[in-house]
Amino acid sequence: MGKSFLSQNPSVLWFLIGLSVFTLVVTLLSEVTGIAFISTSFVKTLGKTLCLCLIAVAMDVVWGYCGILSLGHFAFFGIGGYAIGMWLMYARTEIIVLESLAGQVLPPTPQEVSDAIGTQIFGVVGSSEFPLIWAFADSLALQLLMVVLVPGALALVFGWLAFRSRVTGVYLSILTQAMTLALALYLFQNDSGLRGNNGLSGLQNIPGFEDTSQATISIIFFWASALALGLGYVFFAWVVSGKMGSVIKGIRDNEARVRFLGYHVESYKLFIFTITAVVSGIAGALYYPQAGIINPGEIAPIASIYLAVWVAIGGRGRLYGAVIGAAFVSLLSSWFTGGGAPDVPLGFYTIKWTDWWLVLLGLSFVAVTLFFPKGIGGLFDKLVRKPS
Amino acid sequence: MLRKLLMALALCCAMPALATAQTLQSILQTHSEEVAKPGRRTVGVLLDDLVASELPQAVPFLEAWRDREIVLREDDGLFFRQRDGDLFDLDTGEVVGASDGVALAEARPNGGVRRAIGDVLVQFQLSDPDITKRQAAVDAIARSMDASQLAPLAASVAGEPDPTLRATKERLIGLLQASFAPTADARIQAIADLGSDLSVDTRAVLSKILATEPGVAVTLPEGANIAAILTPGVDLGTDEAYAQLVKASLAPPVTSAADVRRALEANIVDGTVGGLPVATMDTQEARAAAYQVLAEAGTVPPLVTPDDQAAALNAHVFYLSYSEPDVAITDAARASLDAIETKVALSQAADLGLDALSLASIYFLAAIGLAITFGVMGVINMAHGEFIMMGAYTGYVVQLFVPDYTVSIIIALPLAFAVTFGAGVAMERLVIRHLYHRPLETLLATFGISIALQQLAKNIFGTQARPLTSPSWLDGALVFNDVIAISYIRIAIFVLALIFLALIVYVLRRTRLGLEVRAVTQNPGMASSMGINPDRINMMTFGLGSGIAGIAGVAIGLFAQVTSEMGQAYIVQSFMTVVVGGVGSVFGTLAGAGLIGGLQKGIEWLNPSNTLAAQTYMILFIILFIQFRPKGIVALKGRSSAD
């Protein structure tokens, strides 16, 4: 089965080989081996990019294959980040609090410890009580479960409501956008229980690994991200191939016709919507420890729209296209906005790319939509088909 | 003294001729002793004479005296004003010489005398010929109400020529009487008269009369004016009630967890506390047990158990008592305040309705353009918010060239329409036309245009907010009473929304263009075989929708800041309005705007401190609403709705 699956999808094999080579090369050139050609911060950037590639693959499945233009998948990404961030922040604060309480004459009671942690974490929003949603924050296993369960449950409920009442097309897009906006606005409140617009911070410090250097941690997360991307890629490649893949693509092309053929369209859509949300959550849980901080601004509607932009530029309906789009646009974007691109003097006016990059991105996005609907991935088609 | 003052006033009204012959100095010389060494009791005669004299220079003299600037020249016993090393004549106000080298005695009034002077000054100011001074005196009284102001204020009402100020004075007398009238009956009468006044200061006066203090005792105290009896756990928290008991020294303080810890730390003997090893003290129960041992040994005060606390709470009665001892007065005040609060609640509801209406008209203006393009072409224009922004910036640029705000608004409205109409048509021709069969991609392409336009605006106008100033005749607000008020700008926007509603309904229902637009909306294929050019209709509709967005931008810019991100703030709300209202229907958009505007204001009213939560709940409501009416409030029927 596995062999025939790979032979049917040669791109999966090529992708895995490419990803492995890339991971190896980055590891060899990183500070861990001593060559230090790639700085730790750039390893983190690459690791984060891999996470973005993973959510882009999920987005490609839900949009490129199933035809649901979700403008809310970054909400799931953020929820995953918050779920892991809660544990990271709790566990690290616990260590600090226990150290400071060790000096006191009586051994601390559990109540004293949890009060001190609460004051440390929520002092910034003028509170010291643990909200209900932090109930499992002391357990890594339960929080990891939340990374999967919360985005999955939210997507399941939202998707069930939306698909059941046959909300489709642009309506669905707007509705998913509203969902992200509602979540972001909710998290912006100080009494949301997640530190309002301060967000969760200090996530790059992994509890239990205080003695490990950031260079090593960054490489471990890089590997984890690469592994997650590889597994996610294979999983989604398997989902969209075979009979089920055909039904999903059928829904994209003509939903009514698939329904008349006797398929329960809503179940398929709900499955795809939920499973991609779960993968988005996992991607977020890997992304934010590398970013170090998460705040509600990360899940503003604009982020999810950018996700759609990456997938569209990379090429919808092909998983490697999503990976290329996410990697290409997000790296290019940080190059331009980070001041890496040289200014263009026009004599009467100097184009500063920090100011003009978004204009360029917006217009090139229009151009891609108009002239290259298949995106960058479409170029591969030409390469592959020419020899045959 | 006050009665004498009034009599003196009456006297001088009757015989003005008599008074004019005097000079200020002569009066002062008559009462030389009282001026030089004034006392609270003796000064009254002098003040009466000064009031009776009606001399204009009496007021500056009193002010100077109050400010301790009056001196006695010991050579001849005359009084002068001393300021900056010069002596001034009190009658003429001219400099009579330097103060250096002259033997002077200061006439220093004490606090009681200065208060008496202040009262007389208020009396003068209240009857001053200059209305601004009278107004200032009345304002000063309103700021700090005091029993002593009642009589002078009442005395000045009869002679008040200005009807508005007279009404203010009479109102202020009512307020003062409610608090300070000498008899209880007079106060009750005054309080009852306040029952129809909605203003904030009336409510403040009544609330002050009804001010309560918490109290606790074994039995209810006799003779106290009890406002309410509180049950711990129902009306007030048990912790709070117990704290009150502790404060009144009726119960021992609770030993907190921190107190227990400190007590244990202070009593460690050889690594044990109360006979238990310190290392086991890592639970609350172990600590309580150790503390119990210490308490039994008498080293620490006994632990107050929850049972003790409950018993203490049961043994006492908690109440609120009015500071005002008279029951009749507090009852009257309560009745008046209740009557006022009912009216205030009604007015607030009306005010909320007006607010909701004005918000709804803003949403309507912002969304109607979107509704038209979405309804006719099935195209979501993500750059709609940026068209709103373009309109607002057009208004700003016009104001740079045309300084007159009225003229600039009149120019800006059609110009904003023209600019965004052009932008809309250009966008339709260049981009959207090629994507008609791919609606999701239109969404993305227009989003690309949106981020490009936003950044472009940022590059041109900078990131700081630009003002769009409204003409001065739109400043201020239409005030119905102390609660209901609506600013003229909002009324203007409401009118603008009505005009556009009428205009769009007219265009769609009564013109050839409208007929063709409706035909294309219902069935583009059939419309085109009937000789309608759908291309032209699409272009015109898109231009029209964008043009209205530009006008909405000018309107929104008048009360909000013009920034490159202002479109973003309205785009999601506009989408919601269109989706809730129902696509392709003007009245649906109207209903959607009304629903969303009303809902948002309603939620904000329920939870005024948190507008973020209000938006969250509103979006959740909309998501649920879509479940029950997926096609919006006004759904198109027939084949056009099948898609």
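What distance separates the centres of domain 1 of chain B and domain 4 of chain B, taken over C-alpha atoms? The two centres lie 69 Å apart.

This is a predicted model, in which local features need pLDDT of at least 70, side-chain atom pairs count only at pLDDT 80 or more, and totals for chains, interfaces and linings use all residues. Residues are numbered from 1 along each chain as its sequence is written, while chains are lettered from A and ligands numbered from 1 in the order in which they are written.

Select chain B and colour its domains: domain 1 (2–126), domain 2 (145–209), domain 3 (212–322) and domain 4 (345–641). These bounds come from an automatic or database domain assignment.

Turn next to chain A, which has 15 helices and 4 strands; helices (H or I, at least four residues) and strands (E, at least two) are DSSP runs, numbered from the N terminus. Its radius of gyration, 22 Å, is close to the 21 Å that the globule rule gives for 388 residues, so chain A is as compact as a globular protein of that length. The radius is taken over C-alpha atoms, and the rule is 2.2 Å times the number of residues to the power 0.38.

Now display both chains: 41 residues of chain A are in contact with 45 residues of chain B (contact requires C-beta atoms, placed from the backbone, within 7 Å). On the chain A side, select α7 (169–188), α12 (301–314) and α14 (353–371), each giving two or more residues. The largest share, 14 residues, comes from α7(A).

How values were computed. Contact = placed C-beta atoms within 7 Å.
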